[in-house]
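Dear colleague,

I am passing on the structure we spoke about, with notes on what I found when I went through it. Please look at the structure first and then read on.

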Amino acid sequence: MIVVVNGERTVMNGEVTIRSLLTDFGLSDTSGVAVECNDEFIEQEQYDRMIRDGDTIEIVRFVGGG
Amino acid sequence: MNHTEATLPAPNITGAEDDPFIIADTSFVSRIIIGTGKYPSYDALRDTLATSGAQIVTVALRRVSIGNAEDRTLESIDTSRIRLLPNTSGARDATEAVRLAKMARAAAGHNWVKLEVTPDPATLLPDPVETFRAAEILVKDGFVVLPYINADPILALRLQEIGCATVMPLGAPIGTNKGLRTRDQIQIIIEQANVPVIVDAGIGSPSHACEAMEMGADGVMINTALATAGDPPLMGEAFRMAVIAGRRAFIAKLGRQSDAASASSPETDHVRSSDNLTGFLDD
């Protein structure tokens with residue numbers, strides 16, 4: 001399936017959840033992280049939701065800034 | 001050579017608990033807010049946070065990438081004691097700012113946001129129109145909005161009218177360390193405000209911060225002047241003391257300036273070399 005993650009088209013195979021995607025980004029600790037899927041916020045409790053073909057996902061986190 | 005050491009009472013250099021800094025019904029002792037960008041190391045950030053005594057820190061929100069995978073800003077902050085204040089830095093218009101604010105609310109678990117809309121990267125000056133538009137939307141959606149603005153007294157009034165929790169006028173553009181270039185307008189904003197006024201951006205030295213507090217600002221925000229100092233944690237101490245000094249001076253009410261000199265010592269009974277002693281010494 002083809003998914004857009006943070007503005008980049010990505011090919012994914014198999015069953016991928018939000019949680020596994022976060023782990024791929026090195027984010028097993030999800031504090032300070034927010035996820036949007038198709039412009040909808042994903043609560044932490046929903047991180048085991050499957051990603052579907054055509055989903056647009058934004059993963060953001062807090063970094064240093066003024 | 002031995003010096004005689006004078007014994008002095010230890011100065012009380014903590015913020016005053018009977019002079020709380022209140023934002024949106026939340027009370028703080030410290031009147032200094034610090035940013036977390038541009039530090040040379042996470043240790044420097046953590047130590048500066050401690051020495052500055054800041055109880056509120058800003059953070060930015062960015063897409064996760066290989067570039068920021070190693071960012072450990074959040075680990076450097078004890079969020080059980082320090083209020084995280086997400087900013088909407090990078091937003092070029094109200095739509096981007098509102099989107100960032102909502103993401104920040106989801107990531108932080110609370111609804112405080114520092115609203116920054118800066119379409120021009122060369123100047124990083126805040127867009128008044130887009131800031132106002134975003135503030136209207138965010139206040140209606142229940143956010144506690146702390147808007148970053150140019151030192152425009154009319155804009156400051158409008159933002160208060162629509163329910164912003166503070167106003168944050170700049171002293172000079174972000175990162176310039178130029179101090180209170182907008183001093184006169186900041187003074188007007190302070191006089192007219194019925195929400196806390198936090199001078200944010202351009203403060204380059206503890207004396208600038210002290211000056212802002214002496215003028216009656218409720219708080220100051222500092223990032224570049226700390227992060228790019230030779231010794232950030234030591235500079236944090238300096239800023240902490242400067243903010244407390246300025247606040248106390250404001251409460252103590254500064255004496256007036258005058259063009260004419262006026263002596264501080266008595267103006268009579270002077271010792272003179274030219275006393276008129278004739279008559280007395282002739283005896």
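**Where the two chains meet**

B:R99 forms a salt bridge with A:E36, and the closest N and O atoms of this pair are 2.9 Å apart. Please keep in mind, for this and for everything below, that the model is a predicted one. Across the interface of chain A and chain B, the rule finds 3 salt bridges, and the count of residue pairs in polar contact between these chains, with both residues at pLDDT 80 or more, is 13.

On the side of chain A that touches chain B, the elements that give two or more residues are β3 (33-37) and β5 (56-64) of chain A. Of these, β5(A) gives the most, with 7 residues. Sorted by class, that side of chain A has 9 nonpolar, 7 polar and 4 charged residues.

The strand β5(A) is also joined to a strand of the other chain, since 5 bridges link β5(A) to β4 of chain B (residues 56-63), and the two strands run antiparallel. Within this pairing, A:V63 has B:A60 in β4(B) as its bridge partner.

As for the extent of the interface, 20 residues of chain A are in contact with 29 residues of chain B, and the two chains bury about 2000 Å² between them, with 62% of that area on carbon and sulfur atoms. Three residues, A:R61, A:F62 and A:G66, supply 36% of the area that chain A buries against chain B, which is more than any other three residues supply.

**Chain B and one of its loops**

Chain B has 283 residues, of which 46% count as buried, and its secondary structure comes to 8 helices and 10 strands. Among the contacts in chain B with a separation of 6 or more, 65% are accounted for by residues 24 or more positions apart.

One residue that I followed in more detail is B:S89, which is found in the loop between β5 (83-86) and α2 (94-108) of chain B. Is B:S89 buried or exposed? B:S89 counts as buried because its relative accessible area is 11%, and the cut-off for buried is under 20%. The side chain of B:S89 makes a polar contact with the side chain of B:N87, at 2.9 Å. Leaving aside residues up to four places away in sequence, B:S89 touches B:A60, B:R62, B:L100 and B:E116; of these, B:A60 is the bridge partner of A:V63 mentioned above.

With best wishes

Key: Residues numbered from 1 in each chain as written. Chains lettered and ligands numbered in written order. Predicted model: local features only at pLDDT ≥ 70, side-chain atom pairs only at ≥ 80, totals over all residues. Heavy atoms only, no water. Contact = heavy atoms within 4.5 Å. Buried area = accessible area lost by both parts, 1.4 Å probe. Salt bridge = Lys/Arg side-chain N within 4 Å of Asp/Glu carboxyl O. Polar contact = N/O pair within 3.5 Å; in protein donor to acceptor, adjacent residues only side chain to side chain. Helix = DSSP H or I, 4+ residues; strand = E, 2+ residues; numbered from the N terminus. Nonpolar A, V, L, I, M, F, W, Y, C, P; charged D, E, K, R; others polar. Pairing = 2+ DSSP bridges. Buried < 20%, exposed > 50% of the residue type's maximum accessible area, 1.4 Å probe, protein only.
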